[in-house]
Amino acid sequence: MPRNSADLLIVGASEVLTLGGASHRPRTGAEMNELGIIKDGVVAIKGGLICDIGSLQKIYDKWSAPGIIHAEGRVVMPGFVDCHTHAVFAGSREIDFIKKIVRKSGREISAVPAYLEILKGGGGILETVAKTREASEERLMIYAAFWLNNMLKYGTTTVEIKSGYGLSFEDELKILFAIKKLRGSKMDIVSTFLGAHAFPPEKSREAYLKEIIDHMIPHIHVHELAKYCDVFCEAGAFSVEEAEKIIEIARVWGLKIKLHAGEFNDLGAVELGVKYGAVSIDHLDHISDSAILAMAEAETIGVLLPAVPFHLMTGHYAPARKMIDAGVPIALATDFNPGSAPTFSMQMVIALACRQMQMTPAEAITASTINAAHAIGMEEKVGSLEIGKQADIIILDIDNYLQLPYWFGGNLAREVIKKGVIVS
Ligand code: NIG
Ligand code: FE
């Protein structure tokens, strides 16, 4: 029988982790351990999409291709989906980090969480806002392209980016236009409006809320600058009442909802998110049992960000086990930003999720691929290796998936393939 011609075959994998069968809804509970492993599997790629996948015999009988990548006994899996980042900003905040080390060492004692204390004093997020306002759109794009390229090298092939370091009409729009233009790069990029990240120093709370509601959100709709609207609901940032006002308007203008909730305090923002049908609620280091149940019932995705408590040294991680056992669909992300999570590595996040939140390696992989794709509405295109989906694939320098969180701190991605093309 004549064989069909594909562009590229990936052969010789010890394990192909397909993550298949969950494009209609995110995996929950025990399903999060199902990776759909094909031992010695082969992936056939044509026109940037997966045209077939299966056992060596099945694929060889059907397909030939001019290009062949030999995985030489390594693990092949979908590219990571980093579903929560703040990757457009200027500057860095290593001084805050050093101060934190000093405080932690016991040489300075403070009862207030240091992160919020810094924000209150006009630093933290506001320090990054000042530097981001000074930077041109082009400059911000250059910085972000550098970070995105690093993400790609570490195996992330789809990313969500939030605005939020502008905090004025012009500067939030500048960031969102930068994100829009970056969409032409190698990565798939999903954009989120986070004008409600902090209050700018030069305006009253009421005036800034009005600016978000009356000017920013309608403009974002007109220029198709974002798919989601997010609010940082936290003591010292936006209250639940303020968040509700923003969410109501955002929904009217066709934006879907995400929330930053429970990063330092449980203000009841999870209940708000569930009430308004949020696609995901993120952070959740502080969450009540009843809020966990509400998320499970509503099938709201919990995006957990363990790089944050790790970097801020709070020791307070989201109760991932409780949430998975209750049936909350869990995704993982870096939260890449200069203040609370300066890492672009999903591999690092997976290593932390297993060690600090006792997620199994399989759960962490599901949370970083197909469930993360659901968290940004990309589940029909990415997050699993299935016929018709994008050929976004990584070949990892390990011979079984349990080693992904085990060897930590380095980069295990040997090859990164985006839409059928080797990009790293
Ligand atoms: O998700 N908490 C709010 N936003 C980011 C941090 C931003 C920053 O510190 O610059 C976060 O942790
Ligand atoms: Fe964040």
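Helices and strands are here DSSP runs, of at least four residues (H or I) for helices and at least two (E) for strands, numbered from the N terminus. On this basis, arginine 93 of the predicted model is found in the loop between strand β10 and helix α2, the latter covering residues 94–104. The same strand, β10, also belongs to the sheet described next.

The sheet is open and consists of eight strands with parallel pairing, arranged in the order β10-β11-β12-β13-β14-β15-β16-β17. Strands β10 (80–82) and β17 (330–332) each have a single partner strand and therefore form the edges, one side of each being left without a neighbour in the sheet. On average, and with direction ignored, neighbouring strands of this sheet are turned by 25° against each other. Within the sheet, strand β12 (residues 188–196) runs parallel to strand β13 (residues 228–232), and three bridges join the two. Threonine 192 has tyrosine 228, in β13, as its bridge partner.

Two helices were examined in relation to these strands. Helix α6, spanning residues 169–182, lies across β11 (156–162) and β12, and runs at about 175° to β12. Helix α14, formed by residues 361–368, lies across the edge strands β10 and β17, with an angle of about 80° to β17.

An unreviewed UniProt entry lists Arg93, Tyr165, His197, Glu263 and Ser340 under "binding site". From this set, Tyr165, His197, Glu263 and Ser340 contribute to the lining of the largest cavity. Two of the listed positions, Arg93 and His197, are described in further detail below.

Arginine 93 has a relative accessible area of 6%; because this value is under 20%, the residue is classed as buried. Leaving aside residues up to four places away in sequence, arginine 93 touches Tyr115, Gly124, Ile125, Glu127, Thr128, Pro338 and Gly339.

Histidine 197 is placed in the loop between β12 and α7 (205–222). With a relative accessible area of 4%, histidine 197 is likewise buried. Its contacts, again without residues up to four places away in sequence, are with His86, Ile125, Gly164, Tyr165, Leu167, Phe232, Ala237 and Phe238. Among them, Tyr165 is itself a listed "binding site" position, and Ile125 is also touched by arginine 93. Towards Gly164, the side chain of histidine 197 reaches the backbone oxygen at 2.9 Å.

Note on methods
Residues numbered from 1 in each chain as written. Chains lettered and ligands numbered in written order. Predicted model: local features only at pLDDT ≥ 70, side-chain atom pairs only at ≥ 80, totals over all residues. Heavy atoms only, no water. Pairing = 2+ DSSP bridges. Axes fitted to C-alpha atoms, helices over the stretch in contact; angles between N-to-C directions. Contact = heavy atoms within 4.5 Å. UniProt positions renumbered as here; feature names shortened; annotations may be inferred. 1 Å grid on protein atoms, 1.4 Å probe; cavity = no way out; pocket = protein on both sides within 12 Å on 5 of 7 lines; lining within 4 Å. Buried < 20%, exposed > 50% of the residue type's maximum accessible area, 1.4 Å probe, protein only. Polar contact = N/O pair within 3.5 Å; in protein donor to acceptor, adjacent residues only side chain to side chain.
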